[in-house]
Every structure is written in C-alpha cells, then in structure tokens.
Amino acid sequence: MAVKIEEREFEQLVAPHRGELHALCYRMLGSVADADDALQEALLGAWRGFAGFEGRSALRSWLYRIATNACFQLLAARPRRHLPFDHGAATKGQGALEPSIEGPLWLEPYPDDPEASFELRESVELAFVAALQHLPPTQRAALILREVVGLSALEVAELLDTTAPSIESALQRARQALAQRVPAQTQQATLRDLGQAAERELVTRFVNAWESGDPQALLGLLTEDARFGMPPIPSWFDGRADVVRFFAERVFATPWRLRPLRASGQLAFACYQGPDFRLGALNVITLRGAAISELTGFLDPALHGRFLLPER
C-alpha cells in the first residue's frame with residue numbers, strides 16, 4: 001500500500017538525516033557546493049518517490065541509496081576534484097603564478113561542526129577526502145558507507161544493487177589505494193597528541209609570524225618538505241625554502257590579520273588582507289607532529305561564504 005505524506009511531515013522525517021546525508025555527498029564529491037546540489041536533488045527525488053517507499057527498508061538506508069545515486073550522477077558529469085598538489089608539478093623559482101582555473105575542479109574544505117565526533121572529523125579531513133576522489137565511484141561509495149557510515153556489507157550491497165562478496169572485494173581494493181595516499185596519522189590524532197596548550201602556542205606563533213610578515217618565524221614552524229597551494233591557482237610550492245621565499249616576496253608584501261577557526265576538522269585561519277583587511281583566503285593547515293607540513297589557501301569568495309565569515 002502506497003504511503004501518502006504531507007510535505008511538512010516529510011521534512012520532519014528527513015530532518016534528523018540531513019546533516020549526515022550532506023556529509024556523505026561531500027565525501028563522495030569533494031565539494032560543499034556539489035554536496036548542496038546532490039542533497040537537494042536527492043531530497044527532491046525522495047519526496048517525489050515517497051509514495052513508493054512503503055517502508056520496506058529503514059528510512060535512513062533508503063535516503064542513503066537516493067543520495068548515493070545523486071552523487072553518481074554528478075560524478076558522471078563533472079571532473080574529479082583535487083588539490084593543486086595533484087594537478088601538476090610544483091612551481092620552480094619565483095616567477096609569475098599560473099592563471100586561476102575556475103569551475104568544478106578543486107577540492108573544497110568542509111565547514112566545521114563543533115558537535116561532531118572524533119571519527120566524523122577524521123572522515124572530512126582534506127587528505128582523506130582528496131584520497132577518496134582517486135577511487136572509482138562504486139569503491140568510493142562502498143568504503144564511505146561501510147567504514148564511515150557504519151552500514152554492514154550486506155546493507156551496502158543492497159543499497160548499491162550488488163552482492164556482499166562484491167562489496168568486500170571493492171573495499172579491499174579501496175583500502176589498498178587509500179593506504180598509499182592517506183598519512184598514517186590523522187589530523188584528529190595529531191591534534192590530540194599535541195595537546196591544547198601546545199596547539200594554542202602553535203596557533204599564536206603562526207598568527208604572529210604571518211601578521212608581522214616574519215619569514216624566519218614562519219620557517220621555524222614548517223617541516224622541511226612543507227608545501228603550499230592556493231586553489232583555484234594551480235601553482236604550488238614544494239619544500240620549506242620555496243614556501244618561505246614566496247611568502248617573503250609576495251604574501252608578506254601587504255599587511256594581514258588572521259582569525260583562527262576549524263575547517264575539515266583541521267586548524268584553519270581566515271586571512272584578511274590590508275590595507276582595508278578584506279577576507280582574502282581561508283588557509284587550512286596540516287600538521288605532522290608539532291610542525292606544519294601543508295598549507296592550502298582557498299581563495300574562492302563563494303567558498304568563504306559557506307563558512308559564514310565576515311567580509312572584513
């Protein structure tokens with residue numbers, strides 16, 4: 001018997017699942033903007049198809065099926081999202097930067113949820129989501145649904161219209177591929193090991209180095225193999241010396257003010273450029289121990305708006 005439901009009642013039913021569905025779409029697509037589009041399409045499809053739902057499976061699983069299919073459709077129509085470090089070779093010297101490449105190409109950070117669990121924050125870290133984008137869509141979905149969402153192999157198989165052995169095989173290949181791209185320790189574990197006092201000290205030193213335009217102070221915060229990228233500009237710098245040289249010659253040429261925050265569960269800074277101190281970049285920091293191994297400065301104003309950051 002078909003189930004009839006009012007729109008308001010439908011919204012109330014799906015509201016508890018909206019956040020986790022959006023996070024699923026983000027992990028699949030590597031973009032908050034694409035996740036918004038996929039979730040909207042999925043919920044519209046769920047509303048239109050609810051009369052045929054009939055409660056034959058859990059509502060959560062049914063919604064995950066629809067959201068995953070919406071992601072598959074977007075993945076078929078758009079290029080893989082990535083960071084500049086996967087786009088091409090590092091910039092040599094201090095010549096002109098390459099022109100920005102606009103469009104759905106660059107991985108985006110995820111707005112932080114203060115209530116999110118340790119595990120949830122791990123699953124939206126930049127390195128993990130960037131690595132996911134290298135997997136074929138079905139492997140990507142299988143790994144997220146099994147190891148992040150926590151569905152059983154049988155549930156994932158039913159959701160993806162395949163068999164449990166096929167899911168286990170896809171998971172094995174996905175885990176092997178991710179092991180080559182994801183650091184051994186997550187940022188959540190690194191921050192936990194660092195401790196709050198040392199984290200506050202590192203944040204203070206980083207802010208002071210940037211706001212005072214002090215290359216030597218910045219140098220002391222970076223690992224030897226640190227790298228820095230600025231999507232949508234494809235140029236990036238590899239190695240502490242080149243990173244600091246670029247900051248000294250280009251970034252520190254104007255005054256800045258920084259505001260610490262979190263993005264993708266990681267340390268991040270909203271960077272306001274003088275003389276009028278308008279928001280110029282959202283820099284997400286990756287740590288290795290107590291040092292910075294990667295800085296990614298996201299320059300897209302549309303992305304800044306999703307973090308509800310003041311323009312000045």
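In the predicted model, the buried residues of helix α12 (residues 240–249) are D242, V243, V244, F246 and F247. The elements that cover these buried residues include the helices α10 (196–211) and α11 (215–219), together with the strands β1 (222–230), β2 (233–238) and β6 (291–298). Two of these covering strands, β1 and β6, are also linked through their side chains, since R227 and E294 meet in a salt bridge with an N to O distance of 2.8 Å. Because R227 lies in β1 and E294 in β6, this pair ties together parts of the chain that are 67 residues apart in sequence. The two partners differ in their surroundings: R227 is partly exposed, with a relative accessible area of 28%, whereas E294, at 12% relative accessibility, counts as buried.

A further set of salt bridges that share partners joins D34, D37, R78, R81, E108 and R306 into one network. Within this network, D34 forms a salt bridge with R78, the closest N and O atoms being 2.1 Å apart. As D34 lies in helix α2 (residues 32–49) and R78 in the loop between α3 and α4, the pair ties together parts that are 44 residues apart in sequence. D34 is buried, with a relative accessible area of 5%, while R78 is partly exposed, with a relative accessible area of 28%. D34 is also bridged by R81, with the closest N and O atoms 3.2 Å apart; this second pair again links distant parts of the chain, R81 being placed in the loop between α3 and α4 and D34 in helix α2, 47 residues apart. R81, at 7% relative accessibility, counts as buried. Across the model, the count comes to 17 salt bridges.

E108, another member of the network, lies in the loop between α3 (59–77) and α4 (118–122) and is buried, with a relative accessible area of 7%. When neighbours within four places in sequence are left aside, E108 is in contact with Y26, G30, S31, V32, A33, R81, L126, F298, L303 and R306, of which R81 and R306 also belong to the salt-bridge network.

A search of the whole structure finds one cavity of 30 Å³ or more, and the volume of this largest cavity is about 60 Å³. Its lining consists of L29, D34, L74, L75, R78, P79, R80, R81, Q133 and R140, and therefore includes the network members D34, R78 and R81. By class, the lining of the cavity has four nonpolar, one polar and five charged residues.The largest pocket, in turn, has a volume of about 940 Å³, and of the 42 residues that line this pocket, the closest to its centre are E125, A127, F128, V182 and P183. Helix α5 (residues 126–132) contributes the largest share of the pocket lining, five residues. By class, the pocket lining has 17 nonpolar, 11 polar and 14 charged residues.

Strand β4 (residues 266–273) is mostly covered, with seven of its eight residues buried. On one side, eight bridges join β4 to strand β3 (residues 256–263) in an antiparallel arrangement, in which L261 stands opposite A268. β3 and β4 form a hairpin with two residues between them, and S264 in the turn has a positive phi of about 55°. Strand β5 (residues 278–288) also runs antiparallel to β4, to which it is joined by six bridges, and R278 in β5 is the bridge partner of Q273. In the hairpin of β4 and β5, which has four residues between the strands, F277 takes a positive phi near 55°.

How values were computed: Residues are numbered from 1 along each chain as its sequence is written. This is a predicted model: local features need pLDDT of at least 70, side-chain atom pairs count only at pLDDT 80 or more; totals for chains, interfaces and linings use all residues. Side-chain values use heavy atoms; hydrogens and water are left out. Buried means under 20% relative accessible area, exposed over 50%, partly exposed in between (1.4 Å probe, protein chains only). Two strands pair if DSSP finds at least two bridges between them. Contact means heavy atoms within 4.5 Å. On a 1 Å grid over the protein atoms alone, a cavity is a set of points where a 1.4 Å probe fits but cannot get out, and a pocket is an open set with protein on both sides within 12 Å along at least five of seven lines; lining residues have an atom within 4 Å of a point. Grid points are joined across faces, edges and corners, and a volume is the space filled by probe spheres set on the points. Ala, Val, Leu, Ile, Met, Phe, Trp, Tyr, Cys and Pro count as nonpolar, Asp, Glu, Lys and Arg as charged, and the others, Gly among them, as polar. A salt bridge is a side-chain nitrogen of Lys or Arg within 4 Å of a carboxyl oxygen of Asp or Glu.
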